[in-house]
Amino acid sequence: MATSLSSLSFLFAILLLMHAHAKASTCSDCFIQSRASYYPNSDEKGTDTGRCGYGSFGATLNGGDVSAVSDLYRDGVGCGACYQVRCTNSAYCSDKGVTIVVTDHGSGDRTDFIMSSRAFGHMAQTTDAASSLLNLGVVDIEYRRVSCSYPNKNITIKIDENSSYPHYFAFVIYYQQGKKDITAVQLCETQNFVCKLLDRSHGAVWTTTSPPSGALQVRMLFSDDDGDESWVVPVNNIPEEWKAGETYDTGVQVNI
C-alpha cells in the first residue's frame with residue numbers, strides 16, 4: 001500500500017512539473033532574462049538611420065525611448081513592437097523599468113537590446129542611479145512584450161521619398177499599436193476593391209511596383225504567435241494623386 005501511495009505521489013509531482021513547464025513555455029507575460037547596452041553616441045534619443053526605415057521619426061518615437069534589437073528584429077517583423085525592459089541590479093534599477101519601441105537592428109556583447117541612452121537611463125530609480133547605469137555600459141535585464149499605446153494618435157502612413165507616382169509606391173507605418181505584429185499589407189482600389197499584396201522591403205517599409213489606381217485603401221494583417229489574425233481596415237483612404245514624402249492619417253487605432 002505504501003509503495004502504491006509513493007508511486008501516486010511521484011506521478012502527481014511529475015504532472016505538476018509538466019504543467020508548470022507548459023505554462024511557462026506559453027506565458028506571453030513572463031519576463032525573459034537577457035542583457036542590454038545603449039548607443040554611446042545617440043545624443044540621448046535613438047538613431048535616425050535605423051534599419052526599420054522610420055528615419056528621423058524613429059529617433060523621437062515614444063519620446064526617444066527606443067531600441068535596436070538583435071533576434072527580436074525578425075527580418076523586420078519586429079519593427080514597431082513594444083517591450084517592457086527592466087534591469088536587475090536592485091541598487092540602481094526600478095521595478096517598472098522602461099517601455100521601449102523597436103526602431104533598429106543591432107547586436108552587441110550577448111545583448112538583445114541596444115537602447116537609446118535616454119531609455120537606458122529610464123530603467124534606473126533616480127538620476128544618480130541612471131548615471132551609474134550608463135557608466136556600467138552593459139547590464140543584466142529582463143524583458144517582455146507589451147501592448148503599444150499612443151494616446152490621441154492613429155496609425156499613420158508615411159509615403160517614402162523614393163516613391164514615384166504612379167509607378168512605384170513605398171511607405172512606412174507609424175504608430176503601430178497593440179501587441180501583435182503586422183505580417184501582411186494589402187493595397188486596394190476603393191472603387192472596385194481589387195487588392196494587391198505588398199512586399200516588405202525592409203523593416204517597416206512596404207513596397208510595390210505598378211500600384212493600383214485611384215484612391216487607395218491600406219489593409220493591415222495583425223498576427224500573434226498563437227495564430228490569431230485580424231485584418232484592420234482604415235477609415236481614411238490615401239488620395240488618388242498621392243505624393244512622395246506625404247503623411248496620411250488612417251483614422252484608426254487598435255488594441256489587439
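Here are some notes on the two sheets and one pocket of this predicted model.

1. Ground rules. Since this is a prediction, local features need pLDDT of at least 70 and side-chain atom pairs count only at pLDDT 80 or more, while totals for chains, interfaces and linings use all residues. Numbering starts from 1 along each chain as its sequence is written, and side-chain values use heavy atoms, with hydrogens and water left out.

2. The barrel. Go round it and you meet six strands in the order β1-β5-β2-β4-β3-β6, closed up with mixed pairing. Neighbours in this sheet are turned by 45° against each other on average, direction ignored. On terms: strands are DSSP runs of E, at least two residues, numbered from the N terminus; two of them pair if DSSP finds at least two bridges between them; angles, from 0 to 180 degrees between N-to-C directions, use axes fitted to C-alpha atoms.

3. Strand β3 in the barrel. This one covers residues 82–87, and five of its six residues are buried (under 20% relative accessible area, 1.4 Å probe, protein chains only). On one pairing, β3 meets β4 (residues 98–105) antiparallel over four bridges, with V85 opposite V98. β3 also runs antiparallel to β6 (residues 139–146), joined by six bridges; there C82 stands opposite V146.

4. β2 with β5. Three bridges hold β2 (residues 66–69) to β5 (residues 113–115), again antiparallel. Look for S67 across from M115.

5. The open sheet. Five strands line up as β11-β12-β8-β7-β15 with antiparallel pairing. β11 and β15 (247–249) are the edges, each pairing on one side only, and the twist averages 35° from one strand to the next. β7 (residues 156–159) is joined to β15 by three bridges, and T156 faces D249 there.

6. The second largest pocket. It holds about 170 Å³ (space filled by probe spheres set on grid points joined across faces, edges and corners). A pocket here is an open set of points on a 1 Å grid over the protein atoms alone, where a 1.4 Å probe fits, with protein on both sides within 12 Å along at least five of seven lines; lining residues have an atom within 4 Å of a point. Of the 16 lining residues, G53, D160, E161, V172 and V205 lie nearest the centre. β8 (168–174), β11 (199–202) and β12 (205–209) each give two or more, with β8 giving the most, five.

7. Who shares that pocket? Domain 1 (32–145) and domain 2 (155–251) each supply at least three lining residues; the bounds come from an automatic or database domain assignment.

Notes. Buried < 20%, exposed > 50% of the residue type's maximum accessible area, 1.4 Å probe, protein only.
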